[in-house]
Amino acid sequence: MKSIIEYISGIYRGLRSLLIGMSVTGKYFFSPRAIVTQQYPENRHGHGKRSKKQLVMFDRFKGEVVMPHDANNQHKCTGCGICEINCPNGTIEIISVSKVGEDGKKKRAIEKHIYRLGMCSFCALCVKTCPSKALEFSQEFEHAVFDRTKLVKVLNKPGSSLMKGVE
Ligand code: SF4
Ligand code: SF4
């Protein structure tokens, strides 16, 4: 008797779960405006011929690690190497040089901040542990390339230098 009751209640729970799932599908079927899926590439950056609106990514979206530069081509990367040490999968490689500063003391300076986008797991450890907040995530999402070497990027721009006041 007990097993029959369990069998029937199992069927009831299964049907109830099915109806809950179908009600969600039905809601989007009858109100398609509620669907959050974006049309792509029609509305990418508003450039497409059939584009009606600009695709806006969510604030927390992690597209790729970037190093912001100001109008004077200056960044906040000191070349300390902390992001390289903290990256769990060797995505970052810091090539730095030793330079004599204005105060006559030797200081480390970034030569190349190499970032291998194809290896990045977007864990954000580099961004969170950088002591000078030199890194952030961009919202760029179009990363498809035919040549994977294009996924290896140098984040500090050519001719750039360290912002004054950043140690
Ligand atoms: S990005 Fe930040 S943590 Fe990485 S080398 Fe530059 S200053 Fe150091
Ligand atoms: S987000 Fe994570 S995996 Fe990507 S470079 Fe930073 S630390 Fe490495």
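These are my notebook entries on a predicted model of a protein chain with its ligands.

**Entry 1: overall layout**

I began with the secondary structure. The protein chain has three helices and seven strands. Read from the N terminus, the order of elements is α-β-β-α-β-β-α-β-β-β.

Next I looked up the domains. The assignment gives domain 1 as 2-37 and domain 2 as 64-162. I checked how far apart they sit. Their C-alpha centres are separated by 48 Å.

Then I looked at overall dimensions. The C-alpha trace spans about 90 × 50 × 35 Å along its principal axes. The radius of gyration of the protein chain is 25 Å, whereas a compact globule of 167 residues would have one near 15 Å.

I also noted burial and contacts for the whole chain. Of the 167 residues, 12% count as buried. Among contacts with a separation of 6 or more, 66% join residues 24 or more positions apart.

**Entry 2: the strands**

I turned to strand 3 and strand 4. Strand 3 covers residues 92-100 and strand 4 covers residues 106-116. They run antiparallel, and nine bridges join them. I picked out two of the pairs. Lys 99 faces Lys 107 in strand 4. Ile 92 has Tyr 115 of strand 4 as its bridge partner.

I then followed the chain from one strand into the other. The two strands form a hairpin, with five residues between them. Gly 104 sits in the turn and has a positive phi of about 85°.

Which other strand pairs with strand 4? I found strand 6, residues 152-154, joined to strand 4 by three bridges. This pairing is antiparallel too. Here Ile 114 stands opposite Val 154.

**Entry 3: ligand 1**

I listed what surrounds ligand 1. The stretch from Cys 77 through Thr 78, Gly 79, Cys 80, Gly 81 and Ile 82 to Cys 83 is part of its shell. Ile 94, Cys 130, Ser 132, Ala 134 and Leu 135 are also around ligand 1. I sorted this shell by class. It has eight nonpolar and four polar residues, and no charged ones.

Ile 94 falls within strand 3, residues 92-100. Ile 82 and Cys 83 fall within helix 2, which is 82-86.

**Entry 4: ligand 2**

I did the same for ligand 2. Around it are 13 residues. Those that come nearest are Cys 87, Thr 91, Cys 120, Cys 123 and Cys 126. By class, I count nine nonpolar, four polar and no charged residues in this shell.

I followed up Thr 91, one of the nearest residues to ligand 2. Thr 91 lies in the loop between helix 2 and strand 3. Is Thr 91 buried or exposed? It counts as buried, because 22 C-beta neighbours lie inside 10 Å and the cut-off for buried is 20 or more.

I looked up its partners beyond four places in sequence. Thr 91 is in contact with Tyr 115, Arg 116, Met 119 and Cys 120. Cys 120 is another of the residues nearest to ligand 2. I also noted Leu 117. It is 26 residues from Thr 91 along the chain, yet their C-alpha atoms are separated by 7.2 Å.

**Entry 5: positive phi outside glycine**

I searched for unusual backbone angles. Most residues other than glycine have a negative phi. Two exceptions went into the notebook.

Ala 124 has a positive phi, near 75°. Its place is the loop between strand 4 and helix 3, which is 125-129. With 14 C-beta neighbours inside 10 Å, Ala 124 counts as partly exposed.

Lys 133 is not a glycine either, and its phi is about 55°. I found Lys 133 in the loop between helix 3 and strand 5, which is 136-138. Lys 133 counts as exposed because 12 C-beta neighbours lie inside 10 Å.

**Entry 6: Asn 73**

My last stop was Asn 73. This residue is in the loop between strand 1 (64-66) and strand 2 (74-75). Why does Asn 73 count as exposed? Asn 73 has 12 other C-beta atoms within 10 Å, and exposed means 12 or fewer.

I checked what Asn 73 meets beyond its neighbours within four places in sequence. It is in contact with Lys 157, Gly 159 and Ser 160. I also looked at Ser 161. Asn 73 and Ser 161 are 88 residues apart in sequence, but 6.8 Å apart in space, C-alpha to C-alpha.

Methods:
Residues numbered from 1 in each chain as written. Chains lettered and ligands numbered in written order. Predicted model: local features only at pLDDT ≥ 70, side-chain atom pairs only at ≥ 80, totals over all residues. Near = placed C-beta within 6 Å. Nonpolar A, V, L, I, M, F, W, Y, C, P; charged D, E, K, R; others polar. Domains from an automatic or database assignment. Helix = DSSP H or I, 4+ residues; strand = E, 2+ residues; numbered from the N terminus. Rg over C-alpha atoms; globule rule 2.2 N^0.38 Å. Contact = placed C-beta atoms within 7 Å. Pairing = 2+ DSSP bridges.
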